[in-house]
Amino acid sequence: TVLFHRHIQHLTMAIRVKTEDATAALEDESLARDTLEDELDEDDVPAHIIEARMAAFRHQMEEMKSAKDAGSGDLKSVVDEKELFKLTTTQPRVICHFMHPDFRRCGIMNEHLRELSRKHFTTLFVFINAEKAPFLITKFSIKELPSVFCFIDGVVKDKLIGFSELGNSDNFTTNALESRLSRSGVITLSSSALSKATEQKGRVFGFARGKRDFDEDSSGDSDSDSD
């Protein structure tokens with residue numbers, strides 16, 4: 001169908017993969033492959049370029065299958081540190097939100113991350129209750145929530161603490177968060193998102209005083225250790 005062709009075109013031309021495009025390709029990989037081959041033939045693309053595009057397509061399909069198995073395409077709840085460790089060491093790109101269910105700003109962050117998870121299928125978006133991750137909270141010296149960590153190949157490449165880089169406001173946009181997270185390479189901006197990002201420069205998060213030793217970024221209502 002025309003819609004299927006559009007999904008495959010988006011998939012093979014994209015630097016990031018939307019969930020709807022990934023789902024269409026994964027539902028019928030052979031049809032997706034045949035569709036791409038037909039389009040390349042119609043465009044009279046040289047053989048060596050066709051070979052390279054098909055190799056890239058096969059690699060992308062494998063990456064999407066792995067992402068699907070890990071739960072990509074939506075914001076995933078992680079139960080404990082053992083599960084988080086497994087995900088960050090087996091998935092190439094993971095964004096993890098250390099949060100507390102009672103902190104309002106953590107809820108705000110989760111909503112934005114959920115929206116981004118549907119735009120960046122090959123990056124795994126997860127959240128974990130900070131009280132369930134005492135070892136990592138200590139290791140990463142997390143004293144303020146929300147705290148968002150970006151992992152690439154099991155290594156922390158970037159972190160966002162509170163809402164300070166997002167304008168110290170609860171009203172930051174998903175695009176602003178997307179732009180900020182893209183700095184580490186854990187996600188990649190589309191050309192249109194990149195244009196918007198240059199118009200309005202990034203910002204970031206926050207926390208509310210809660211249980212344990214966490215603070216909710218006080219820049220407007222967030223969480224960090226005040227002692």
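**Exercise 1. Is S147 buried or exposed?** Classify this residue, then describe its surroundings in the predicted model.

*Solution.*
Step 1. The relative accessibility of S147 is 1%. Buried means under 20%, so S147 counts as buried.
Step 2. Locate the residue in the fold: S147 lies in strand β5, which covers residues 147-152.
Step 3. Inspect the side chain. That of S147 reaches the backbone oxygen of E144 at 2.5 Å.
Step 4. Look for a neighbour from elsewhere in the sequence. I161 is 14 residues away from S147 along the chain, and the C-alpha atoms of the two are separated by 4.6 Å.

**Exercise 2. Describe strand β2, its burial and its partners.**

*Solution.*
Step 1. Strand β2 spans residues 93-99, and 7 of its 7 residues are buried.
Step 2. Assign the side chains to directions. In a regular strand, side chains alternate between the two faces of the sheet. In β2, R93, I95, H97 and M99 point one way, while V94, C96 and F98 point the other way.
Step 3. Identify the antiparallel partner. β2 and β5 run antiparallel and are joined by 6 bridges; C96 stands opposite F149 of β5.
Step 4. Identify the parallel partner. β2 and strand β3 (residues 124-129) run parallel, also with 6 bridges between them. Here M99 has N129 of β3 as its bridge partner.
Step 5. Trace the connection. From β2 the chain passes through helix α6 (residues 104-117) to β3, and this β-α-β crossover is right-handed.

**Exercise 3. Check the length of helix α6 and list its buried residues.**

*Solution.*
Step 1. Compute the expected span. At 1.5 Å a residue, the 14 residues of α6 should span 20 Å.
Step 2. Compare with the model. The end C-alpha atoms of α6 are 20 Å apart, which agrees with the expected span.
Step 3. Collect the buried positions. They are R105, C106, I108, M109, N110, H112, L113, L116 and S117.
Step 4. Consider the spacing of these positions. An α-helix has 3.6 residues a turn, so residues three or four places apart point the same way.

**Exercise 4. Which parts of the chain are linked by the salt bridges of R114, R104 and R180?**

*Solution.*
Step 1. Recall the principle: side chains of opposite charge can pair when their charged atoms come close. The model contains 10 salt bridges by the rule of a side-chain nitrogen of Lys or Arg within 4 Å of a carboxyl oxygen of Asp or Glu.
Step 2. Take R114. Its side chain meets that of D74 in a salt bridge at 3.6 Å, N to O. The two residues are 40 residues apart: R114 belongs to helix α6, and D74 to the loop between α4 (47-70) and β1 (76-77). R114, with a relative accessible area of 22%, is partly exposed, and so is D74 at 31%. A network of salt bridges links D74, E111, R114 and R118.
Step 3. Take R104. The side chains of R104 and D170 form a salt bridge at 2.3 Å, N to O. D170 lies in the loop between β6 (155-161) and α8 (174-181) and R104 in helix α6, so the pair ties together parts 66 residues apart in sequence. Both are partly exposed: D170 has a relative accessible area of 22%, and R104 has 42%.
Step 4. Take R180. Its closest N and O atoms with D158 are 2.5 Å apart in a salt bridge. Because D158 lies in strand β6 and R180 in helix α8, the pair ties together parts 22 residues apart in sequence. Both D158 and R180 are buried.

**Exercise 5. Which residues touch the most other members of the largest nonpolar core?**

*Solution.*
Step 1. This core has 42 residues, of which I95, F98, L113, L177 and L181 touch the most other members.
Step 2. Assign the contributions. α5 (81-90), β2, α6, β3, α7 (134-139), β5 and α8 each supply at least two residues of the core.
Step 3. Separate off a further core. Apart from the largest one lies another core of 8 residues, among them M54, M61, M64 and A67.
Step 4. Relate the result to Exercise 2. I95 and F98, which point opposite ways from β2, are both among the residues that touch the most other core members.

Definitions and conventions:
Residues are numbered from 1 along each chain as its sequence is written. This is a predicted model: local features need pLDDT of at least 70, side-chain atom pairs count only at pLDDT 80 or more; totals for chains, interfaces and linings use all residues. Side-chain values use heavy atoms; hydrogens and water are left out. Helices (H or I, at least four residues) and strands (E, at least two) are DSSP runs, numbered from the N terminus. Buried means under 20% relative accessible area, exposed over 50%, partly exposed in between (1.4 Å probe, protein chains only). A polar contact is a pair of N or O atoms within 3.5 Å; within protein, one must be able to donate a hydrogen and the other to accept it, and residues adjacent in sequence count only if both atoms are side-chain atoms. Two strands pair if DSSP finds at least two bridges between them. A crossover is right-handed if, with the strands pointing away from the viewer, the path from the first strand over the helix to the second runs clockwise. The expected span of a helix is 1.5 Å times one less than its number of residues. A nonpolar core is a set of buried Ala, Val, Leu, Ile, Met, Phe, Trp, Tyr and Cys residues joined through side-chain atoms within 4.5 Å.
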